[in-house]
Amino acid sequence: MNVTEELRSVTRTRKLLNAMLWLIVLGAIFYSLMTSTPLVSAHSEWAWSGWALGVLTDAAFILSISADAVLSRHGIDSGRWPTVFRWVTGLASLFLNTWSSVAEKDWVGVAIHAIAPAILICAAEVAPIYRRKFRDLETVLSALVTEEKVTHLVTPKKVTRNKKLVTPLVTEPLVTGAVVAAEEKEVTGSQLIAPYSRRELSATKQGIKDAFLAGLSATDAAKKVGKSRPYVSKVYKEIREGLELTA
């Protein structure tokens, strides 16, 4: 799995989820205003003010969604009262949308007008869960990407060596088999590449990498790995510069 690509995919999905949530909110608000305004106007002394209660209810709902979006981004659970607040505003929207149909005993109308508020209530409840899960996943993947980059930066570079193979001159049939066998063994690709493709870290490099990822200072890292501080500081500098270039 390419961790960097997976992180980008998760980030794109999170942004899409957030955009779809706001699309649902705006659509539900628009529909709610059209449905609730006639009901409120019919029961208000000022018919022109029928839209005000719907706007007030929807504004309260937007307040709840917006506050939760920020808190969820930092992994904070908003608690009981914000949940109660969301449900009160959601149920108020449900009442304003469906009461005209309830009064007329139009149960098909009730079902139709309940769809938008019901979706809004469910979206308000599921959105914080999605946000926290995506935040946790992005945090984990970001840490893996950083570790991958640091590992690459502290790994010794591959050494390229040119090998000139000399095919011996075969003059006697009796030694042909042995010479061919030796030649095949000499030019086997895996045997030539293997010594230079190993990317295992030495104990020192591994210790410096772990210290960097743990947030230790160069002084503490030097004590941990048993190397001089200037050397560890040099490696730290190379890591930081490399991370800035690949950010």
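How are H1 and H2 oriented to each other, roughly parallel or roughly antiparallel? This tour of a predicted model begins with that pair of helices and then moves to the other helix pairs, the largest pocket and the largest cavity.

**First stop: H1 and H2**

Select residues 3-42, which form helix H1, and residues 50-73, which form helix H2. The axes of H1 and H2 come within 7 Å and cross at roughly 155°. Angles over 145 degrees count as roughly antiparallel, and H1 and H2 are therefore roughly antiparallel to each other. The crossing in which H1 passes H2 is right-handed.

Next, display the side chains at this contact. On H1, select Leu21, Trp22, Val25, Ile29, Ser32, Leu33, Ser36, Thr37, Val40 and Ser41. On H2, the partners are Gly50, Trp51, Leu53, Gly54, Val55, Asp58, Ile62, Ile65 and Ser66. Colouring the contact of H1 with H2 by class gives eleven nonpolar residues, seven polar residues and one charged residue.

**Second stop: H1 and H4**

Keep H1 in view and add helix H4, residues 107-154. The axes of H1 and H4 are 9 Å apart, and the two helices pack at an angle of about 165°. That angle makes H1 roughly antiparallel to H4. Here H1 passes H4 in a left-handed crossing. The contact of H1 with H4 comprises 22 nonpolar, seven polar and five charged residues.

**Third stop: H2 and H4**

Now hide H1 and look at H2 together with H4. Their axes come within 9 Å and cross at roughly 15°. Angles under 35 degrees count as roughly parallel, so H2 is roughly parallel to H4. The crossing of H2 and H4 is right-handed.

To see this contact, select Phe61, Ile65, Asp68, Ala69, Ser72 and Arg73 of H2. Then add Leu120, Ile121, Ala124, Pro128, Arg131, Arg132 and Arg135 of H4. By class, the contact of H2 with H4 has seven nonpolar residues, one polar residue and five charged residues.

**Fourth stop: the largest pocket**

Bring H1 back and select Arg14, Asn18, Ala69, Arg73, Arg131, Arg135 and Glu138, the lining of the largest pocket. Its volume is about 180 Å³. Each of H1, H2 and H4 supplies at least two residues of this lining. Which helix gives the most to the lining of the largest pocket? H4 does, with three residues. Five residues of the pocket lining are charged, one is polar and one is nonpolar. Several residues from the third stop return here: Ala69, Arg73, Arg131 and Arg135 belong to the contact of H2 with H4 and also line the largest pocket.

**Last stop: the largest cavity**

Finally, select Ser64, Ile65, Asp68, Arg86, Ala124, Ala127, Pro128 and Arg131, which line the largest cavity. The model has one cavity of 30 Å³ or more, and the space in the largest cavity is about 30 Å³. H2 and H4 each supply at least two residues of the cavity lining. The largest share, four residues, comes from H4. Sorted by class, the lining of the largest cavity has four nonpolar residues, one polar residue and three charged residues.

Leave Arg131 selected as the tour closes. Arg131 is part of the contact of H2 with H4, lines the largest pocket and lines the largest cavity.

Methods. Residues are numbered from 1 along each chain as its sequence is written. This is a predicted model: local features need pLDDT of at least 70, side-chain atom pairs count only at pLDDT 80 or more; totals for chains, interfaces and linings use all residues. Side-chain values use heavy atoms; hydrogens and water are left out. On a 1 Å grid over the protein atoms alone, a cavity is a set of points where a 1.4 Å probe fits but cannot get out, and a pocket is an open set with protein on both sides within 12 Å along at least five of seven lines; lining residues have an atom within 4 Å of a point. Grid points are joined across faces, edges and corners, and a volume is the space filled by probe spheres set on the points. Ala, Val, Leu, Ile, Met, Phe, Trp, Tyr, Cys and Pro count as nonpolar, Asp, Glu, Lys and Arg as charged, and the others, Gly among them, as polar. Axes are lines fitted to C-alpha atoms, for helices over the stretch in contact, and angles run from 0 to 180 degrees between N-to-C directions. Angles under 35 degrees count as roughly parallel, over 145 as roughly antiparallel, 65 to 115 as roughly perpendicular and the rest as oblique. A crossing is left-handed if the near helix is turned anticlockwise from the far one by less than a right angle, and right-handed if clockwise. Contact means heavy atoms within 4.5 Å.
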